[in-house]
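This briefing introduces a structure to a reader who has not met it before. Please keep the sequence and the model in view while reading.

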Amino acid sequence: MPLLPRLSGAWLRPLALPVLACLALCACGPAEAPRPTPEVIAAVRPADARLAEIYATACHACHTTPDSGAPLTAVPAQWRDRLAKGMPAVLTNVVQGLNGMPAGGQCFACTPADYEALIRFMSSPPSASP
Ligand code: HEC
């Protein structure tokens, strides 16, 4: 006698694959957005022209380079824990510097509002760049 006689019924077979696929997907919980390619990470810019200029000259080099230790632009997963401590604390770290992060991110014309907009841009997925 088969172990699961009812499952051996031919009528169930077309259902087996979709059901298994669904179980496999559901087991992983909410899907994390796939990490953008290095080309995308290197290419994204803030929509605002002035911020884009600041970003390109001051933040881009480190924050698009995986080996720099900096959280990567357009990879929200790398920012989640940092932003969890609240924007004021993150701003303080940017202004004062933090380990390999130079004070002010080497931007001498940046206001706190600029930093906040840059942080929101850098921590957003590429499609949602403000
Ligand atoms: C010389 C390289 C370098 C430059 C230039 C740089 N960063 Fe960073 N940044 C880092 C590194 C490295 C870290 C990670 C520091 C750590 O957590 O030890 C970091 C971390 C950060 C963080 C997270 C701070 C926190 O509280 O966790 C923010 C926000 C940030 N950078 C914003 C910027 C902005 C905005 C600019 C441009 C104005 C900039 N960075 C320019 C290297 C750089």
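The notes below move from the ligand to the core, then to one helix and two loop residues.

This is a predicted model, in which local features need pLDDT of at least 70 and side-chain atom pairs count only at pLDDT 80 or more, while totals for chains, interfaces and linings use all residues. Residues are numbered from 1 along each chain as its sequence is written. Helices are DSSP runs of H or I with at least four residues, numbered from the N terminus.

**Around the ligand**
- The ligand is surrounded by 25 residues, of which Cys-59, Cys-62, Gly-100, Met-101 and Gly-105 come nearest; a residue counts as near if its C-beta atom, placed from the backbone, lies within 6 Å.
- At least two residues of this shell come from each of α3 (49–63), α5 (87–96) and α6 (112–122), and α3 gives the most, with five residues.
- The shell has 16 nonpolar, eight polar and one charged residues, where Ala, Val, Leu, Ile, Met, Phe, Trp, Tyr, Cys and Pro count as nonpolar, Asp, Glu, Lys and Arg as charged, and the others, Gly among them, as polar.

**The largest nonpolar core**
- A nonpolar core is a set of buried Ala, Val, Leu, Ile, Met, Phe, Trp, Tyr and Cys residues joined through C-beta atoms within 7 Å, and a residue is buried if 20 or more other C-beta atoms lie within 10 Å of its own, exposed if 12 or fewer, and partly exposed in between.
- The largest such core here has ten residues, including Ile-54, Cys-59, Val-94 and Leu-118.
- Both α3 and α6 give two or more residues to this core, and the largest share, five residues, comes from α6.

**Helix α3**
- The buried residues of α3 are Ile-54, Tyr-55, Ala-58, Cys-59 and His-63, and they pack against α6.
- Leaving aside residues up to four places away in sequence, Ile-54 touches Cys-107, Cys-110, Asp-114 and Leu-118, contact meaning C-beta atoms within 7 Å.
- A kink of about 50° in α3 is centred on Ala-56, the bend being the angle between axes fitted to the seven residues ending at a residue and the seven starting there.

**Two loop residues with positive phi**
- Ala-74, in the loop between α3 and α4 (80–83), has a positive phi of about 70° although it is not a glycine, and Ala-74 is buried because 26 other C-beta atoms lie within 10 Å.
- Asn-99, in the loop between α5 and α6, is likewise not a glycine and has a positive phi of about 50°, but Asn-99 is exposed, with 8 other C-beta atoms within 10 Å.

Notes: Two residues are in contact if their C-beta atoms, placed from the backbone, lie within 7 Å.
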